[in-house]
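Dear colleague,

Please find below the structure that I agreed to pass on to you. My notes on its charged side chains follow.

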Amino acid sequence: MTKPSLKDQVFSFARSASKYVASGLDDVAKDVYEQRLQICNTCEDREGRRCGVCGCYLSMKAKWKTEECPNKKW
């Protein structure tokens with residue numbers, strides 16, 4: 001798999017952050033957050049603390065209610 005370019009990662013983060021702010025900084029419940037991270041922990045596309053598909057930091061992506069897994073796993 002090819003990692004997204006730095007430019008694509010920046011645009012993806014800006015788009016995600018804009019949606020998150022527009023939502024009123026709405027987070028998922030703690031149990032949902034933990035469930036999402038468990039799924040990410042076993043994902044073959046995980047690269048350290050980041051998603052290898054979109055480049056986002058998993059701790060933020062899994063917490064924000066406005067986000068979804070790029071592989072549709074959650």
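Is Lys-65 buried, partly exposed or exposed? With a relative accessible area of 48%, Lys-65 is partly exposed, because the class of exposed residues begins only over 50%. Please bear in mind that this is a predicted model.

Salt bridges

A search of the whole structure finds six salt bridges. I describe some of them here, beginning with the one that involves Lys-65.

Lys-65 pairs with Asp-26 in a salt bridge, and the closest N and O atoms are 3.7 Å apart. Asp-26 is in the loop between H1 and helix H2 (30-41), while Lys-65 is in the segment after H3, so this pair ties together parts that are 39 residues apart in sequence. Asp-26 is also partly exposed, at 32% relative accessibility.

A further salt bridge joins the side chains of Lys-73 and Glu-44, at 3.4 Å from N to O. Lys-73 belongs to the segment after H3 and Glu-44 to the loop between H2 and strand S1 (46-47), so the pair ties together parts that are 29 residues apart in sequence. Lys-73 is partly exposed, with a relative accessible area of 35%, whereas Glu-44 is exposed, with a relative accessible area of 61%.

Glu-67 and its surroundings

Glu-67 lies in the segment after helix H3 (58-61). Its relative accessible area is 7%, and Glu-67 therefore counts as buried, the limit being under 20%. Leaving aside residues up to four places away in sequence, Glu-67 touches Ser-16, Lys-19, Arg-36, Lys-61 and Trp-74.

Two of these neighbours deserve separate mention. The side chain of Lys-61 makes a polar contact with the side chain of Glu-67, at 3.0 Å. Lys-19 forms a salt bridge with Glu-67, in which the closest N and O atoms are 3.7 Å apart. Because Lys-19 lies in helix H1 (residues 6-22) and Glu-67 in the segment after H3, this pair ties together parts that are 48 residues apart in sequence. Lys-19 is partly exposed, with a relative accessible area of 43%, while its partner Glu-67 is buried.

Lys-19, Lys-61 and Glu-67 are joined into one network by salt bridges that share partners. As a general point, side chains of opposite charge can pair when their charged atoms come close.

With kind regards

Definitions and conventions. Residues numbered from 1 in each chain as written. Predicted model: local features only at pLDDT ≥ 70, side-chain atom pairs only at ≥ 80, totals over all residues. Heavy atoms only, no water. Helix = DSSP H or I, 4+ residues; strand = E, 2+ residues; numbered from the N terminus. Buried < 20%, exposed > 50% of the residue type's maximum accessible area, 1.4 Å probe, protein only. Polar contact = N/O pair within 3.5 Å; in protein donor to acceptor, adjacent residues only side chain to side chain. Contact = heavy atoms within 4.5 Å. Salt bridge = Lys/Arg side-chain N within 4 Å of Asp/Glu carboxyl O.
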